[in-house]
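Please walk through this structure with attention to its backbone geometry, its nonpolar interior and the contacts of one strand residue.

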Amino acid sequence: MAWFDQMLPQALMDANLADLDDVFRQTEDTEVRFSPRYLRGRMRLLADPWGWIERQERSGRRRLDWKLVGLAAALLLLSACAAAAFTGQFSQWFPWLGVNPDAPEASEDIMARMGTVIEQSRTADDMTVTLHAAVWDGETLRLSMTAEKPDMPEAWSEELWRGSWIYWEECRFSMRRDQLEDYTRREVESRYAEMELPPEKLEEMAQEQLAGDLFTFQQSFNLIRREGDKLFFEATLPLADYVERPELTLHIETLATYEEGKGTVVTAGGGERTGPGPDVVFLNGPYDFTFTLDKKLQPVIYEGEAALTAENIPLEVSRIKLTASAVEADCWSPASIQYLFSPDEEAGDPDRTYVKEEQAQAMGPQGLWLEDGSYVDFSEMRKSFTMAETLDGTAGGLGCRYPHVVDPYAVTAVNLGGTRVELRDLERRTE
């Protein structure tokens, strides 16, 4: 019975969507938009299907068509080809972002809040590429895509691309022109903010970039895995929150391994490309996808002063940024800190404070406290550690990815190097 209880929510969702099947068939190249009301109802149904049934009946609404429910359940339980419910769609598209095993529905909700369903397919050379969805946290865009081809070569296995960068130099992202103009201006203003240049100079620099078509988005692609005749890819793109509902076009052409010197990126100098070219080509293309990002979950930034000591080193934290997938802290120390890149390096200067790898990991973020009182522990995750000497000390940054997505607006405190830093003591703002 417990097994049936676990399968019932998905069957109920299939039944819930069965009447819309013809509509979905007619709109396979169109983004399906679900209302917030529907999404909330879906989450309540999945969390407590039996309670949902009782509430529906008590409310006087029509009873469920149990023949339809039974049919959906039978199809789900007896056929591997049953139509998939929309439950957990973003978690399935972006499993590498991480799902909280204790609250998978909460992780799905967070991804959905920054997600856009795309579901566009293009075919070239018998290879069908499907761009499934995007998630955007206000600074990094991630795309989930698959490529499928009948009788895909067996050699296209994990061993083929393991340890190799993906050749993507002939792929590119572009933005609708009017939005690109605004984006370029904001990017120039942000890049040269500390120089305090006059507005007319910044505008001149922006126009030079636009006229010369100099601004390019720095995308990357990762080949995640293979299942049967299907390849799973992720594309990532640094994308600042400069324009509302950006309209982007992804052009894919020649995704491959490098022919020689695996891991060496092609560079351009004097208008000429240098370095290795493509070797084993997965996608030839061209494939073009145009989509609009509907949602984002902006980073939350806290600024102020928080003093702490980590690994016997005094630190003053001035800024903490939280996204759905990572935390970063800007800090300064009066100590002259030098990182030891190798265990064999020696601490030769008595006036310096030397930090080894294990110390750097211990100094970074170790976990988060959430408003419901729970704690997200990522002490075992690898930390980022950057330090640069200043005239009066050392400035740097500490960061870490989470094991699963987190609502940045629900974070109340951060564990930095073993010290609990209360965010209510800092000033919150959003970018």
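In this predicted model, T254 lies in the loop that runs between β8 (247-252) and β9 (255-258), and its backbone has a positive phi of about 60° although the residue is not a glycine. Most residues other than glycine have a negative phi, and most peptide bonds are trans. With a relative accessible area of 8%, T254 falls under the 20% limit and is therefore counted as buried.

Another residue that is not a glycine, D126, also has a positive phi, here of about 65°, and D126 is found in the loop between β1 (115-124) and β2 (127-136). Its relative accessibility is 58%, which is over the 50% limit, so D126 counts as exposed. The backbone offers a further feature at the peptide bond that joins G285 and P286, which is cis, with omega at about 5°; P286 itself belongs to the loop between β12 (278-283) and β13 (287-292).

From the loops, the path leads back to strand β8, in which T249 is found. Is T249 buried, exposed or partly exposed? At a relative accessible area of 22%, T249 lies between the limits of 20% and 50% and is therefore partly exposed. Although T249 and F289 are 40 residues apart along the chain, their C-alpha atoms are separated by 5.4 Å. Not counting residues up to four places away in sequence, T249 touches R172, F173 and S174 as well as D288, F289 and T290. With T290, the side chain of T249 makes a polar contact of 2.9 Å.

The nonpolar interior comes next. The largest nonpolar core has 43 residues, and L143, L239 and L283 are those with the most contacts inside it. Strand β2 supplies the largest share of this core, namely five residues. What does L143 touch, when residues up to four places away in sequence are not counted? The contacts of L143 include F94, I118, L131, A133 and A134, and also F173, F233, E234, A235, L250 and F291. F173 thus appears among the residues touched by L143 and also among those touched by T249.

Beside this core there is a second, separate one of 34 residues, which includes L308, V317, V406 and L423.

Definitions and conventions. Residues numbered from 1 in each chain as written. Predicted model: local features only at pLDDT ≥ 70, side-chain atom pairs only at ≥ 80, totals over all residues. Heavy atoms only, no water. Helix = DSSP H or I, 4+ residues; strand = E, 2+ residues; numbered from the N terminus. Buried < 20%, exposed > 50% of the residue type's maximum accessible area, 1.4 Å probe, protein only. Core = buried A, V, L, I, M, F, W, Y, C linked by side-chain atoms within 4.5 Å. Contact = heavy atoms within 4.5 Å. Polar contact = N/O pair within 3.5 Å; in protein donor to acceptor, adjacent residues only side chain to side chain.
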